[in-house]
Amino acid sequence: FDKETRGMSRRDIAQELECDFLSSGDTFLQAEVIEKLKKQIVAPIARDLREQALLYWEKPVPNKKYVIGCDVARGDANDYSAFHVLSVADFTAVAEFKGKCKPDKCAQLLDRVGREYNNALIAIENNNIGYMVCSKLIDIDYPRMFYESAGSNAFDYKPFRSNEAPGFITSSRTRDKMLAKLEELIRNDALKTFSDRLYKEFLTFVWNGNRAESTRGTNDDLVMSLAI
């Protein structure tokens with residue numbers, strides 16, 4: 001260790017040899033913000049009986065508005081499909097899913113959870129595999145999907161052109177905006193989460209040059225679904 005670290009700064013040692021990104025200062029969130037997330041961790045009140053990877057911190061409240069942000073994976077690689085259910089009134093994450101499932105099964109799960117939470121507005125990244133989930137939700141008549149063309153009426157928007165596709169495309173421009181807004185909301189206590197799984201993802205969600213991403217061997221599925 002002494003030989004390998006000779007001439008290295010404390011920051012470089014923390015990142016390159018100790019996998020300690022908090023000490024290295026390269027985490028996407030500042031260390032004090034990550035520590036705040038740690039203090040907010042609360043055990044979920046329930047785990048879904050049919051899908052154990054689905055956790056609840058608050059059951060649906062009648063007439064309350066909810067939104068769901070979803071990041072979809074194929075279901076057969078290192079990435080997971082993930083989504084958050086958030087209360088619109090106070091931006092609190094009340095449920096969370098992170099698991100491996102095929103796109104059609106992911107759509108069925110979103111349909112069930114979305115209807116459970118008062119027909120929550122579902123926003124899905126429609127890049128690649130996500131478009132299949134969007135299409136499946138349309139096929140099974142899910143009532144409330146996010147469309148980019150909806151503007152301020154997103155929650156009750158009904159498409160009126162046949163070529164309108166639900167969801168949105170994540171590009172380098174929109175990705176940066178999503179993550180910047182996520183950081184702002186968390187730092188200013190405007191968004192509240194209780195998840196240990198999310199906290200652990202933020203520990204390894206770091207700056208790689210000008211891009212924020214998970215470190216090798218880890219994943220950022222919950223981070224990205226929350227940003228969505």
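**Figure 1. Arginine 115 and its salt bridge within helix H5 of the predicted model.** Arginine 115 is partly exposed, with a relative accessible area of 36%. Its side chain meets that of aspartate 111 in a salt bridge, at 2.8 Å from N to O. Both residues belong to helix H5 (residues 103-116) and are 4 residues apart, about one turn of the helix. Aspartate 111 has a relative accessibility of 14%, under the 20% limit, and therefore counts as buried.

**Figure 2. The salt bridge between arginine 187 and glutamate 183 in helix H7.** The closest approach of the two side chains is 2.6 Å, N to O. As members of helix H7, arginine 187 and glutamate 183 are 4 residues apart, about one turn of the helix. Glutamate 183 is buried, at a relative accessible area of 18%, whereas arginine 187 is partly exposed, at 38%. In total, the structure holds 11 salt bridges.

**Figure 3. A salt bridge between arginine 144 and aspartate 156.** The closest N and O atoms of this pair are 3.2 Å apart. Arginine 144 and aspartate 156 are both in the loop between H6 and H7, 12 residues apart. Aspartate 156 counts as partly exposed, with 43% relative accessibility.

**Figure 4. The open sheet of 6 strands.** The strand order is S1-S2-S5-S4-S3-S6, and the pairing is mixed. Strand S1 (46-47) and S6 stand at the edges with a single partner strand each, so one side of each has no neighbour in the sheet. Strands S2 (residues 54-56) and S5 (residues 93-99) are antiparallel and pair over 3 bridges. Within this pairing, leucine 54 has phenylalanine 97 of S5 as its bridge partner.

**Figure 5. Edge strand S6 and its parallel pairing with S3.** S3 and S6 run parallel and are joined by 4 bridges. The bridge partner of glycine 69 in S6 is alanine 123. In a regular strand, side chains alternate between the two faces of the sheet. On S6, Leu121 and Ala123 point one way, and Ile122 and Ile124 point the other way. All four of these residues are buried.

**Figure 6. The largest pocket and its lining.** This pocket has a volume of about 560 Å³. It is lined by 22 residues, of which Phe91, Ala123, Leu226, Ala227 and Ile228 are the closest to its centre. Strand S3 (66-71), strand S6 (121-124), helix H7 (172-187) and helix H9 (221-227) each supply at least two lining residues. H7 gives the most, with 5 residues. The lining comprises 17 nonpolar, 3 polar and 2 charged residues.

**Figure 7. The second largest pocket and its lining.** The volume of this pocket is about 450 Å³. Among its 22 lining residues, Asp71, Val72, Asp79, Glu125 and Asp220 lie nearest the centre. Two or more residues of the lining come from each of helix H6 (129-139), H7, strand S8 (211-214) and H9. By class, 8 of the lining residues are nonpolar, 4 polar and 10 charged.

**Figure 8. Glycine 217 in the loop between S8 and H9.** Glycine 217 has a relative accessible area of 79%, over the 50% limit, and is therefore exposed. From C-alpha to C-alpha, glycine 217 and proline 44 are 26 Å apart in space, while in sequence they are 173 residues apart.

Conventions: Residues are numbered from 1 along each chain as its sequence is written. This is a predicted model: local features need pLDDT of at least 70, side-chain atom pairs count only at pLDDT 80 or more; totals for chains, interfaces and linings use all residues. Side-chain values use heavy atoms; hydrogens and water are left out. On a 1 Å grid over the protein atoms alone, a cavity is a set of points where a 1.4 Å probe fits but cannot get out, and a pocket is an open set with protein on both sides within 12 Å along at least five of seven lines; lining residues have an atom within 4 Å of a point. Grid points are joined across faces, edges and corners, and a volume is the space filled by probe spheres set on the points. Ala, Val, Leu, Ile, Met, Phe, Trp, Tyr, Cys and Pro count as nonpolar, Asp, Glu, Lys and Arg as charged, and the others, Gly among them, as polar. Buried means under 20% relative accessible area, exposed over 50%, partly exposed in between (1.4 Å probe, protein chains only). Two strands pair if DSSP finds at least two bridges between them. A salt bridge is a side-chain nitrogen of Lys or Arg within 4 Å of a carboxyl oxygen of Asp or Glu.
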